[in-house]
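Biologist: Could you walk me through this fold with me asking and you answering?
Modeller: Gladly; let us bring it up first.

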Amino acid sequence: TMALFKPENVEDFYELGDVLGSGHFGQVRRVCERSTGTHYAAKFLKVLKSTRSLHGVDRSQVEQEVSILQMLRHPNIVALKDLFESRDEVALILELVCGGELFDFIAEKDELLESEAIFFMRQILQGLSYMHQQQIAHFDLKPENIMLSEKVAQPNIKLIDFGLAQRLEPDQEYLSSSGTPQYIAPEVIQYKPLSTAADMWSIGVITYILLSGLSPFQGYTDEETLNNVVELKYEFEEGHFRSTSDMAKDFIRKLLLFDPGDRMTADECLRHPWIKPITRKQIDKRNRSSINMKNFKKFNAKRKWKMSVNMVMMCTRLLTLRQRRGTNAEPDPLQRECDSDVEDLEVKPGSLLRRRLSSST
Ligand code: ATP
């Protein structure tokens, strides 16, 4: 079914409010439906009119994201309500997700039991299970795309950003090299045909980080990170996993497997004893084990800093300047800085640029 884009002006139906976030090709703003007073989020996307424009998405890419959102109706997946199209811009009217990112919510706590983290993991897996049943893969699962419905004590998970999502047809191979180094599966790096199992790898990485505050494959450069992924170089460092249950490690081990076919599916995850304990002993274990909060807070602070909007805008400006200057020019000092990718406290604007670029190429 083709998407129906309304040709009318969004502002005739919705009053624009404050900016909620920004992506590669436009802003997401809070809007209020004039006829009902209900609040939504409007995701504006600049659509490319000519191949020479520097900024924008292909019309076909927008249609892809829209057609996938239209197929998905689930409490843990952001819902699409309406669509508008003007001369050079498309607006997706989405269910408003007000609770912020899951990782930020958790980072504000003083302590968190595994059983409390599982409350969220189960919802993520339920959303994924639903998508995967329809052969839809997200292909960009990372903390930034796991949000919470509301600011309440026990909020619901909402998966967002279906910009890279794909409907996998049975007689078609799907190849892609998009993603964020820390979270992408080995088959993506090796440019092999992808399946919904690539999402399960990302769930393994996210769970690992959630429990320890460590990123399992993170190297000093993106290249090093990608190498660690294809060589499956990770371990449960004793110092960071002291308070983690063996069931949780078993759960992660069954996801961080090289061969996609060996990984647990979302449904299998939901039946794993860490998510669905059966014996009293299993229940007790989850209530005795906890998140490494000190380290998780550190990880999250670093992540937020790297994401900071100002940095992205600065790098985008640098990039545009450089593109105007042409590709034959000598690499300037800024260029060199943007090519290096030092982790930790030394992170430079450049590493952020690389990350953004590598997640969109
Ligand atoms: P990216 O460049 O990171 O891939 P994108 O252009 O695909 O982003 P989204 O990730 O969908 O855009 O949205 C960008 C940001 O806007 C999100 O990180 C989030 O903070 C906010 N946002 C997106 N959708 C919603 C929503 N439904 N409700 C509230 N905020 C939202």
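What follows is a friendly round of questions and answers on this predicted model.

Biologist: Let us start with the whole chain. How many helices and strands does the secondary structure come to?
Modeller: The chain has 361 residues, of which 37% count as buried. Among contacts between residues at least 6 apart in sequence, 65% join residues at least 24 apart. As for secondary structure, the chain comes to 14 helices and nine strands.

Biologist: Now to the open sheet of five strands. What is the strand order?
Modeller: Let me build the order pair by pair. Seven bridges join β1 to β2, and five bridges join β2 to β3. Then β3 pairs with β5 over seven bridges, in the antiparallel sense. With β4 added, the order reads β1-β2-β3-β5-β4.

Biologist: Thanks! Which are the edge strands of that sheet?
Modeller: An edge strand of this sheet pairs on one side only. In the order β1-β2-β3-β5-β4, the pairing is antiparallel. The edge strands are β1 (14-23) and β4 (80-85).

Biologist: By how many degrees are neighbouring strands of this sheet turned against each other on average?
Modeller: The sheet is open and holds five strands. Taking neighbouring strands and ignoring direction, the average turn is 25 degrees.

Biologist: And which helix packs on the sheet?
Modeller: The helix in question covers residues 59-71 and touches β3 (39-46), β4 and β5 (89-95). Its direction makes about 155 degrees with that of β4. This is helix α2.

Biologist: Let us look at the hairpins. Which residue takes a positive phi in the hairpin of β2 and β3?
Modeller: A hairpin also joins β1 to β2, through two residues, and there Gly-23 has Gly-26 as its bridge partner. The hairpin of β2 and β3 has five residues between the strands. In that hairpin, the residue with a positive phi near 80 degrees is Gly-37.

Biologist: Which residue in β2 is the bridge partner of Ser-22?
Modeller: Ser-22 lies in strand β1, and β1 runs antiparallel to β2 (residues 26-33). The residue we want lies in strand β2 and touches Val-19, Ser-22 and Phe-44, leaving aside residues up to four places away in sequence. The bridge partner of Ser-22 is Gln-27.

Biologist: Is Ser-22 buried, partly exposed or exposed?
Modeller: Counting as buried takes 20 or more other C-beta atoms within 10 Å, and counting as exposed takes 12 or fewer. Ser-22 has 15 other C-beta atoms within 10 Å, so Ser-22 is partly exposed. With 15 other C-beta atoms within 10 Å, Gln-27 is likewise partly exposed.

Biologist: How far apart in space are Ser-22 and Phe-44, C-alpha to C-alpha?
Modeller: Along the sequence, Ser-22 and Phe-44 are 22 residues apart. For another pair, Gln-27 and Met-71 are 44 residues apart along the chain, and their C-alpha atoms are separated by 24 Å. For Ser-22 and Phe-44, the C-alpha to C-alpha figure is 9.2 Å.

Biologist: Going further into the sheet, which residue in β5 does Leu-45 stand opposite?
Modeller: The strands β3 and β5 are antiparallel partners. On the β2 side, Val-31 has Tyr-40 of β3 as its bridge partner. In β5, the residue opposite Leu-45 is Val-90.

Biologist: On to the ligand. Which strand gives the most residues to the shell around the ligand?
Modeller: There are 17 residues around the ligand, and Gly-21, Gly-23, Val-28, Ala-41 and Asp-161 come nearest. By class, the shell has nine nonpolar, four polar and four charged residues. Three strands, β1, β3 and β5, each supply at least two residues. With three residues, the strand that gives the most is β1.

Biologist: Last one: is Lys-43 buried or exposed?
Modeller: UniProt, in an unreviewed entry, lists Lys-43 under "binding site", and this residue is found in strand β3. Leaving aside residues up to four places away in sequence, Lys-43 touches Val-28, Ala-91, Leu-92 and Leu-94. The cut-off for burial is 20 or more other C-beta atoms within 10 Å. Because Lys-43 has 26 C-beta neighbours inside 10 Å, Lys-43 counts as buried.

Key: Residues numbered from 1 in each chain as written. Predicted model: local features only at pLDDT ≥ 70, side-chain atom pairs only at ≥ 80, totals over all residues. Pairing = 2+ DSSP bridges. Helix = DSSP H or I, 4+ residues; strand = E, 2+ residues; numbered from the N terminus. Axes fitted to C-alpha atoms, helices over the stretch in contact; angles between N-to-C directions. Contact = placed C-beta atoms within 7 Å. Near = placed C-beta within 6 Å. Nonpolar A, V, L, I, M, F, W, Y, C, P; charged D, E, K, R; others polar. UniProt positions renumbered as here; feature names shortened; annotations may be inferred.
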